[in-house]
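This report goes through one structure, part by part. The topics are a helix, the domain interface and the salt bridges.

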Amino acid sequence: MDDPRDHFGALIGDTPLLELRRFCERRGLRARILAKVEALNPAGSIKDRTAWGIIRAAEAEGRLVPGQLLVDLTSGNTGIGLAALAAARGYRAKFYLRASTSLEKVAIIHRYGAATVLIDDAEFLAPGGVDAIIDRVRRDNPDAFYTDQRANPANPRIHHDTTGPEIWRDTDGAVDILVAAIGTGGTISGTGRFLKARKPGVTVVAVEPAPGSVPTREHPQVDTVEGVHRVTGVEASLLPANFDAGVVDAFIPCETREARAAARALAREEGLFAGPSSGAVLHAASVLAGRREHAGRTIVAIFADGGERYLSQDRADEIASAVERP
């Protein structure tokens with residue numbers, strides 16, 4: 001029997017790889033797709049790693065004291081991970097989120113005892129909008145510890161030190177292609193950096209929204225996928241500092257409907273209920289696995305979280321289509 005873990009952070013990581021055999025066989029795909037199932041982290045997503053890396057580094061540097069307030073701008077998952085760790089380690093937490101963030105994510109953050117501030121999506125689309133919101137977060141909370149997931153080097157470092165080595169170990173070094181989405185850039189940058197150092201031939205591929213799934217000031221209500229951000233064509237100064245463009249070899253676009261369809265297929269064919277960003281990653285992995293030059297290759301796809309925290313975002317027609325009728 002394994003010894004009990006003595007703190008919450010010890011539960012984070014060592015998530016399994018699942019080979020998507022049925023999914024690949026049904027589509028005649030030429031490569032293997034292995035899913036890194038990050039929903040099995042204790043607070044439910046890969047951002048538990050990011051949160052633990054940031055908290056652990058800050059504690060080691062003496063930057064946190066009991067009862068201190070943690071603040072950040074988040075699309076939800078990092079906030080959930082930080083809120084869970086704050087509860088477990090005696091801190092307070094407060095997070096700023098888009099108003100369109102799923103109801104489930106907001107509810108989970110509240111369940112851990114953290115506060116939230118919802119910001120109109122239009123503010124993010126204004127020129128310099130993200131920087132202005134970050135300035136507001138800092139200004140409103142002058143005595144708080146700003147966790148700074150977009151630029152804190154502890155974010156990519158934790159993926160370099162854990163996510164990458166786990167993939168290398170669990171594939172016996174046979175990984176050929178890594179596929180991930182880009183949020184803050186920490187996951188793909190840290191993991192990709194580690195794998196390329198071990199095996200320079202590894203190809204790192206990012207999935208990003210196709211043009212029709214990117215909101216603009218003129219069309220702000222476009223259906224998007226949380227945690228899947230566009231970086232091609234975006235001014236470098238506007239990208240998260242933790243995103244290392246030199247690690248990524250290729251980009252594959254994905255429409256929101258394609259991401260949702262892939263996530264539904266994953267649930268129905270593999271029994272794995274993943275979030276829509278994982279659907280986007282699976283769509284990109286499927287495109288790669290169908291290419292002749294990738295026959296026999298091993299593709300690792302990072303599935304960031306589970307689908308339970310997005311149920312309220314399902315469209316009415318999607319729900320209606322699933323209802324059996326006489």
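Contact here means heavy atoms within 4.5 Å. The model is a predicted one. In that sense of contact, the buried residues of helix H2 pack against strand E2 (32–37), strand E3 (69–73), helix H3 (77–89), strand E6 (145–146) and helix H7.

**Helix H2 and alanine 154**

H2 covers residues 47–60, 14 residues in number, and reaches 20 Å from its first C-alpha to its last, close to the 20 Å expected at 1.5 Å a residue. The helix is mostly covered, with 11 of its 14 residues buried. Among them are Lys47, Asp48 and Arg49, as well as Trp52, Gly53, Ile54 and Ala57. Just after H2, glycine 62 has a positive phi of about 70°.

One partner on the H7 side is alanine 154, which lies in that helix (residues 154–170). Leaving aside residues up to four places away in sequence, alanine 154 touches Gly53, Ile54 and Ala57. Alanine 154 has a relative accessible area of 3% and therefore counts as buried, since the cut-off is under 20%. Its C-alpha atom is separated by 39 Å from that of arginine 27, and the two residues are 127 apart along the chain.

**Domains and their interface**

The protein chain is divided into domain 1 (8–45 + 161–313) and domain 2 (46–146). Taken over C-alpha atoms, the centres of domain 1 and domain 2 are 23 Å apart. The contact takes 32 residues from domain 1 and 23 residues from domain 2. Between them the two domains bury about 2,200 Å², 53% of it on carbon and sulfur atoms.

Three salt bridges are found across the interface of domain 1 and domain 2. The count of residue pairs in polar contact between the two domains is 19, with both residues at pLDDT 80 or more. On the side of domain 1 that touches domain 2, the largest share, three residues, comes from H7.

**Salt bridges**

The structure holds 17 salt bridges. Four of them are set out below, with the distance between N and O atoms.

| Residue | Partner | N to O distance |
|---|---|---|
| Glutamate 226 | Lysine 105 | 2.6 Å |
| Arginine 169 | Aspartate 170 | 2.8 Å |
| Arginine 49 | Glutamate 166 | 2.8 Å |
| Lysine 199 | Aspartate 176 | 3.3 Å |

Glutamate 226 and lysine 105 form a salt bridge with their closest N and O atoms 2.6 Å apart. This pair links distant parts of the chain, 121 residues apart: glutamate 226 is in the loop between strand E8 (203–209) and strand E9 (250–254), and lysine 105 is in helix H4 (residues 103–111). Both glutamate 226 and lysine 105 are buried.

Is each residue of the pair lysine 199 and aspartate 176 buried or partly exposed? Lysine 199 is partly exposed because its relative accessible area is 23%, whereas aspartate 176, at 16%, is buried. The cut-off for buried is under 20%.

Arginine 169, bridged to aspartate 170, has 46% relative accessibility and so counts as partly exposed. Aspartate 170 is also partly exposed, with a relative accessible area of 35%.

The arginine 49 and glutamate 166 bridge belongs with a wider set: Lys36, Glu38, Arg49 and Glu166 are linked in a network of salt bridges. Within this set, Arg49 is one of the buried residues of H2.

Definitions and conventions:
Residues numbered from 1 in each chain as written. Predicted model: local features only at pLDDT ≥ 70, side-chain atom pairs only at ≥ 80, totals over all residues. Heavy atoms only, no water. Helix = DSSP H or I, 4+ residues; strand = E, 2+ residues; numbered from the N terminus. Buried < 20%, exposed > 50% of the residue type's maximum accessible area, 1.4 Å probe, protein only. Expected span 1.5 Å × (residues − 1). Salt bridge = Lys/Arg side-chain N within 4 Å of Asp/Glu carboxyl O. Domains from an automatic or database assignment. Buried area = accessible area lost by both parts, 1.4 Å probe. Polar contact = N/O pair within 3.5 Å; in protein donor to acceptor, adjacent residues only side chain to side chain.
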